[in-house]
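The exercises below are meant to be worked through with the sequence and the coordinates open side by side. Each begins with a task, and a stepwise solution follows.

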Amino acid sequence: MANEGLDKAVSGEYALGFEIDIETETAPPGLSEETIAFISKKKEEPEWMLELRLKALKKWETMTEPHWAKLDYTSIDYQSISYFAAPKEQLDSLDEVDPKILEAYEKLGISLDEQKQLAGVKVAVDAVVDSVSVKTTYSEELEKHGVIFCSISEAIRDYPELVKKYMFSVVPMADNYFAALNSAVFTDGTFVYIPKGVRCPMELSTYFRINAINTGQFERTLIIADEGSHVSYNEGCSAPTRDEHQLHAAVVELIILKDAEIKYSTIQNWYPGDETGKGGIYNFVTKRAICEGDNAKVSWTQVETGSAITWKYPSCILKGDNSVGEFYSVAVTTLAQQADTGTKMIHIGKNTKSTIISKGISAMKGQNTYRGLVKINASAEGARNYSECDSLLIGSECGAHTFPYLESKDTQGQVEHEATTSKISDEQLFYLRQRGITEEDAVSMIVHGFCKQVFSQLPMEYAVEAKALLELTLEGSVG
Amino acid sequence: MSTVMKIENIEAKIGEKKILKGLNLELEAGKVHAIMGPNGAGKSTLSKTIVGHYDVEVTGGDITYKGKSIIDMDPEERALEGIFLSFQHPVEIPGVNNAYFLRTALNAKRKHEGKEELNAAEFLRLMKGHLEMLGMKSDMISRSLNEGFSGGEKKRNEILQMLILEPEVIILDEIDSGLDIDALRQVSEGINKMKDGKRTFLVITHYSRILDYIEPDYIHVLKDGEVIKTAGPELVPYLEEHGYDGIKED
C-alpha cells in the first residue's frame, strides 16, 4: 500500500533546533511575588506595572489549569520553571548585540542589520531571545511616520498612557488560566501603535526565540491601529531541540479603531518534540482582537507547524458596525504533536461579517482539533459568517476532530458552515506518481493544494517561507 | 517484429480475488493493440498491473519493457521510463494548479532524460497548440487539477498530459467513456497525432466505438483473466455481431 513510504515522508526533521551558545542570566526556578518583583525590576518598570502584575498573580493562584481541550498532557509544574532568562550584557546598539545572536538570527533567515537588508520589501524586526528584546530595527525610520514599534518593556516605560489604556482591555487580566499567568510574569513582546490615517510603510515583525534551558517564554504583544490606519504584522518563532517540555504562554491584544485594519500573520515553528512525544514546546496562547470602531477589519492568518501542544484560538470581537473578522489557519500535527486550535467570532455590531477557513493536516500520530465559536448577538443585525473547516489525514494513526459551536440571537444572521475530512487517497498519490512525480513530491503537492486558500492570505515572502516550512515538516528532506 | 513489452504468465490479485490468471501478451512496437472483453474480464486490472498500482498484488509471472523487468519498479520509475496510463476515472486534486502539475511532471521526465527543465514561458508556448487541438479553453490549465471538470474535460486533460509527456507505451483505459461525439473526435485526433510508428498503444475498451477513430492493428480478447484470442481488426465486426460468447479460444 501507499502508506509504507508515507510515514517516512512526513516525519520531517526540525531544522532550527540549534542552541545559541551565549551566556544567559536566569532567574532561579519558581513563581512567587519575589519572582515578579525581580522581573519588574529587571525591566525597570514603574510601580503601577508591578502592582498590576501582583494582582494578576493573586488571581492566577485562585484558578485551575484547564483541561477541556482535546489535548493529552500531564499538568505543568509551575514551580520548576524559570520565569526570566536573558542573554548577558544586554546592550542597545546593533554593534553591541552579541555577534552570536546576530549570527543565529542570520541562520534563521532574519537580518538585524538595516544596512544589510537588500532592496525590495523592508521588514522591521523586533528580535526577542528568551525574556528580552535584543534589537528592534527601523524604529527611527518608522518614527518619522509616527509609528511606534518597540518592545513592550520600552512601551511600559515610554508610553505609559497608551499601555494603561489598552493593555488588558481585550484580554482581561484573568481571562483564563494562561492569560492570568502571562499577565503576572510576561517578559517581552512587541508594542505597535499606528497613528490616525497612517498606512505603515513596511511590514512589521517579531521573531521569538526560546534559547535557555528550563525556562518558559511569556511574551505579550499589543498592537493599536488608530482610525483609518493600516498595518501588516508577522510573527515567527523557533526553539532548540531539547528533551524537556518548555512552556510558552503568550498574550496578544489587537485594537482596531474606526476604518482601520490589522493583518496579523503567524508562522509558528516551535520545536515539536520527537515521535514518542518526548520534548517540545507547550504552546498555550491567548490572542484576541477587537474591532472597536465602524468598518474596522482584522485578519488572523496562522501557519502552525511546531509545538508538542498547541492551544490557541485567535478571536475577533466585531463591535463596530460593518466590521470584518477573518481567520485563516493551517495547523499541521505530525510525530506525536497535538493541536486544539480555532477561533471565536463575536458579532456585536450591525452588518458585521466573519470568515473562518481552517485547514488541519494530521500525519503519523498527530492529533488535530478545530474548535470554533460563532456568536451572533441580538444587536448584530445583518451579521454574516462563513466557516469552512477541512481536515486532511495522511496515514491511519492520526486523527482529526471538529467542534464548531454556534450561538445566534439574531434570527436574521446568516451562518454557513462546511466541514470536510479527506484522506490523501491512494488514488491521488498514484495519479501523480503515474506521471513521474516521486511520492514525496506528490504528498507535498497535495498538501500545498489543500493549504492554498490560507497561504494566499500571507504576505508574499512569508508565503514562500510557509511553503518551505511545510515541506520541511512533512517531507523529511532537510534543507 | 520488435516487441516493446512482454507480459508473461502474469498472475495478479486485488484483495483476495485472483483476477489475472497467467495472462500472456506481447506488444509490438509502434502498433495499436486493442484489448476487448466483457465486464470483469480483468481489463482494468491488466492496465493497473502494467503501471504498478498499489491495489494490485502480482503473484506470478513477469512484465518486461524494452528487455527489462519492470515488476519491481516504483510507479514513478515506470512512468519516467515512458509508460503512460490514461485513467478511466481521473482523480480530482483540489488546490493543485493544473499547469503547475503538468510542468512538474514534464520537468521530472526531462530531468530523468538529462534534458534542461522548461521555464513557465516555454511551457506555456508548448501547451498552446495542444489546447487548441483538444478544444480546451485556456483557463482549463489554470484551474485545479481535474476539480469540477466534466467527464469530457477530464479525458481531454488526460490526452493533454499524454501529448506533453510523449510516452512510448500509452495505455488508454476506456478513453471513450463519457465522451460526446465532438469530444471523442478531438480526443482521437490527439491520440492519432501521437501515432508515429514508434509509440505503442494499448486501447482498453468495452465497446468498439473508439476503434472507428483509432484504427487498431491487433485485437486481443480478454476473458476471465486470460487473453483468449488475438486477431486483426477484422475481428471487430464479428464481435459486434456475436458478442464475446461467440469467441473460440485460440
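## Exercise 1: the two chains as a whole

Buried residues make up 41% of the 250 residues in chain B, in a model that is predicted.

**Task.** Describe the overall build of chain B and of chain A, using burial, secondary structure, dimensions and contact range.

**Solution.**

Step 1. In chain B, seven helices and twelve strands are found, while the C-alpha trace spans about 55 × 40 × 35 Å along its principal axes. A compact globule of 250 residues would have a radius of gyration near 18 Å, and because chain B has 18 Å, the value agrees with that expectation.

Step 2. Of the contacts in chain B with a separation of 6 or more, 72% join residues that are 24 or more positions apart.

Step 3. Chain A, with 479 residues, has 56% of them counted as buried, and its secondary structure comprises eleven helices and 23 strands. The box filled by its C-alpha atoms, taken along the principal axes, is roughly 65 × 55 × 50 Å. Its radius of gyration of 22 Å agrees with the value near 23 Å for a compact globule of 479 residues.

Step 4. For contacts in chain A with a separation of 6 or more, the share from residues 24 or more positions apart is 84%.

## Exercise 2: a covered helix and the nonpolar core

**Task.** Establish which residues of α8(A) are buried and what they pack against, and then turn to the largest nonpolar core.

**Solution.**

Step 1. Helix α8 of chain A runs over residues 177-185 and is mostly covered, with eight of its nine residues buried. These are A:F178, A:A179, A:A180, A:L181, A:N182, A:S183, A:A184 and A:V185.

Step 2. The elements of chain A against which these buried residues pack are the helices α2 (33-42) and α3 (47-61), together with the strands β8 (220-225), β11 (251-256) and β13 (280-291).

Step 3. The largest nonpolar core has 200 residues, and those with the most contacts inside it are A:V192, A:A225, A:L254, A:I256, A:I262, A:A289 and B:V203. Helix α10 of chain A (residues 439-455) provides the largest share of this core, nine residues. As a general background, nonpolar side chains tend to be buried together in soluble globular proteins.

Step 4. B:V203, once its neighbours within four places in sequence are left aside, is in contact with B:V32, B:H33, B:A34, B:I35, B:L172, B:I210, B:I214 and B:P216.

## Exercise 3: the contact between the chains and a helix pair

**Task.** How many residues does each chain bring to the contact, and how do α5(B) and α6(B) pack?

**Solution.**

Step 1. Chain B brings 23 residues to the contact and chain A brings 18 residues. On the side of chain B that touches chain A, at least two residues each come from α2 (75-80), β7 (93-97), α3 (98-112) and α5 (151-165) of chain B. The largest share of that side, five residues, belongs to α3(B), and the residues of that side divide into 16 nonpolar, five polar and two charged.

Step 2. α5(B) packs with helix α6 of chain B (residues 181-194) at an angle of about 10°, their axes lying 10 Å apart. Because angles under 35 degrees count as roughly parallel, α5(B) is roughly parallel to α6(B).

Step 3. From α5(B), the residues B:G152, B:K155, B:R156, B:I159, B:M162 and B:L163 meet B:A183, B:Q186, B:V187, B:G190, B:I191 and B:M194 in α6(B). The residues of this helix contact divide into seven nonpolar, three polar and two charged.

## Exercise 4: individual residues of chain B

**Task.** Where are B:K66, B:E166 and B:K21 found, and why does each count as partly exposed?

**Solution.**

Step 1. B:K66 is found in the loop between β4 (56-65) and β5 (68-69) of chain B, and although not a glycine, B:K66 has a positive phi of about 50°. B:K66 counts as partly exposed because it has 15 C-beta neighbours inside 10 Å.

Step 2. B:E166 is found in the loop between α5 and β9 (169-173) of chain B, again with a positive phi, of about 45°, although B:E166 is not a glycine. Its 14 C-beta neighbours inside 10 Å make B:E166 partly exposed.

Step 3. B:K21 is found in strand β2 (residues 17-28) of chain B and, with 17 C-beta neighbours inside 10 Å, counts as partly exposed. Leaving aside neighbours within four places in sequence, B:K21 is in contact with B:E11, B:D224, B:G225 and B:E226. The C-alpha atoms of B:K21 and B:G60 are separated by 8.9 Å, with the two residues 39 residues apart along the chain.

Key: Residues are numbered from 1 along each chain as its sequence is written. Chains are lettered from A and ligands numbered from 1 in the order in which they are written. This is a predicted model: local features need pLDDT of at least 70, side-chain atom pairs count only at pLDDT 80 or more; totals for chains, interfaces and linings use all residues. Two residues are in contact if their C-beta atoms, placed from the backbone, lie within 7 Å. Helices (H or I, at least four residues) and strands (E, at least two) are DSSP runs, numbered from the N terminus. Ala, Val, Leu, Ile, Met, Phe, Trp, Tyr, Cys and Pro count as nonpolar, Asp, Glu, Lys and Arg as charged, and the others, Gly among them, as polar. The radius of gyration is taken over C-alpha atoms; the globule rule is 2.2 Å times the number of residues to the power 0.38. A residue is buried if 20 or more other C-beta atoms lie within 10 Å of its own, exposed if 12 or fewer, and partly exposed in between; C-beta atoms are placed from the backbone. Axes are lines fitted to C-alpha atoms, for helices over the stretch in contact, and angles run from 0 to 180 degrees between N-to-C directions. Angles under 35 degrees count as roughly parallel, over 145 as roughly antiparallel, 65 to 115 as roughly perpendicular and the rest as oblique. A nonpolar core is a set of buried Ala, Val, Leu, Ile, Met, Phe, Trp, Tyr and Cys residues joined through C-beta atoms within 7 Å.
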